[in-house]
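Student: I have a structure to go through before class. Can we take it piece by piece?

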Amino acid sequence: MSSCFAYCILSKSRAASNGSRQESSELLVLGLEGAGKSLLMRQIYNVANSVQKAIPRTQPTVGVELYKLNLRSKYSRQVTRAREIGGCMRPVWPQYFACANLFLYVISINATGLLATAVIELHNLLIHPDVKVILLILNTDCVY
């Protein structure tokens, strides 16, 4: 079994591009407990920073995990700081909204008992005035 991710971008405003300059952004990674945030961020970190190491088993994040992602394209280089905030810290999520300009929200499709709560939290993100762009990640276990 491996994790499969599907995604959708939900935007309330159009993001501006600054050409070939180096840009910096703050990514906030949110989702309920067990949604797959830590595993996803470790995979993204390995790809963004050209690291080839095995990803250890993850434990639920209690607190905040920080990642520095070096993202490059043909036209720009961008350093993105990512903060993964544990699902158990939902009451304090809004305190981090003002410092972020990108949001990644992870939902585990297999956790059917938590889907309603996950959708309510997504709704709360969508209506919050500090949230502009959300990348919605749907995580499920796939059998090949």
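Tutor: Yes. Start with Glu-121, which is buried, with a relative accessible area of 15%. Keep in mind that this is a predicted model.

Student: Why does 15% relative accessible area count as buried for Glu-121?

Tutor: Because buried means under 20% relative accessible area, and Glu-121 has 15%.

Student: Which side chain does Glu-121 meet in a salt bridge?

Tutor: That of Arg-90, with N and O 3.5 Å apart. Arg-90 sits in the loop between strand 4 and helix 2 (94-97), while Glu-121 belongs to helix 3 (residues 115-127), so the salt bridge ties together parts that are 31 residues apart in sequence.

Student: And how accessible is Arg-90?

Tutor: Arg-90 is partly exposed, with a relative accessible area of 26%.

Student: Let's stay with helix 3. Which of its residues are buried?

Tutor: Ala-118, Glu-121, Leu-122 and Leu-125. Viewed down the helix axis, the buried residues of helix 3 fall within an arc of 105 degrees, so they line one face of the helix.

Student: Why would residues that are not neighbours in sequence end up on one face?

Tutor: An α-helix has 3.6 residues a turn, so residues three or four places apart point the same way.

Student: What is on the face of helix 3 turned away from the buried side?

Tutor: That face carries the exposed residues Ala-116, Ile-120 and Ile-127.

Student: How far does helix 3 reach, end to end?

Tutor: From its first C-alpha to its last, helix 3 reaches 19 Å. It has 13 residues, and the expected value at 1.5 Å a residue is 18 Å, so the two are close.

Student: New topic. How many salt bridges are there in the whole structure?

Tutor: A search finds three. Besides the one between Arg-90 and Glu-121, there is one between Arg-81 and Glu-26, whose closest N and O atoms are 2.9 Å apart. Arg-81 is in strand 4 (residues 77-85) and Glu-26 in strand 2 (residues 22-31), so this pair links distant parts of the chain, 55 residues apart.

Student: What else does Glu-26 pair with in a salt bridge?

Tutor: Arg-83, at 2.6 Å from N to O. Arg-83 is in strand 4 and Glu-26 in strand 2, so here the parts tied together are 57 residues apart in sequence. Glu-26, Arg-81 and Arg-83 are thus linked in a network of salt bridges.

Student: Are those three residues buried or exposed?

Tutor: Arg-83 and Glu-26 are both buried, with Glu-26 at 7% relative accessibility. Arg-81, at 42%, counts as partly exposed.

Student: Moving on to the nonpolar parts. Which residues touch the most other members of the largest core?

Tutor: Leu-28, Leu-30, Phe-97, Phe-103, Tyr-105, Leu-125 and Ile-134, out of 17 residues in that core. Strand 2, strand 5 (102-108), helix 3 and strand 6 each give two or more residues to this core.

Student: Pick Leu-28. Which residues does it touch?

Tutor: Leaving out residues up to four places away in sequence, Leu-28 touches Arg-83, Ile-85, Tyr-96, Phe-97, Ala-100, Leu-102, Phe-103 and Leu-104. Another core lies apart from the largest one; it has 12 residues, among them Leu-27, Tyr-67, Ala-82 and Leu-104.

Student: You mentioned strand 6. What about Asn-139, which lies there?

Tutor: Strand 6 covers residues 133-142. Asn-139 is buried, with a relative accessible area of 7%.

Student: What lies 2.8 Å from a polar atom of the Asn-139 side chain?

Tutor: The backbone oxygen of Ala-35. Asn-139 also lies 5.9 Å from Ile-109, C-alpha to C-alpha, although the two are 30 residues apart in sequence.

Student: Last thing, the overall layout. How many helices and strands are in the chain?

Tutor: Three helices and six strands. Their order from the N terminus is β-β-α-β-β-α-β-α-β. The chain has 144 residues, and buried ones make up 37% of them. Among contacts between residues at least 6 apart in sequence, 71% join residues at least 24 apart.

Key. Residues numbered from 1 in each chain as written. Predicted model: local features only at pLDDT ≥ 70, side-chain atom pairs only at ≥ 80, totals over all residues. Heavy atoms only, no water. Helix = DSSP H or I, 4+ residues; strand = E, 2+ residues; numbered from the N terminus. Buried < 20%, exposed > 50% of the residue type's maximum accessible area, 1.4 Å probe, protein only. Polar contact = N/O pair within 3.5 Å; in protein donor to acceptor, adjacent residues only side chain to side chain. Salt bridge = Lys/Arg side-chain N within 4 Å of Asp/Glu carboxyl O. Core = buried A, V, L, I, M, F, W, Y, C linked by side-chain atoms within 4.5 Å. Contact = heavy atoms within 4.5 Å. Arc of directions from axis to C-beta.
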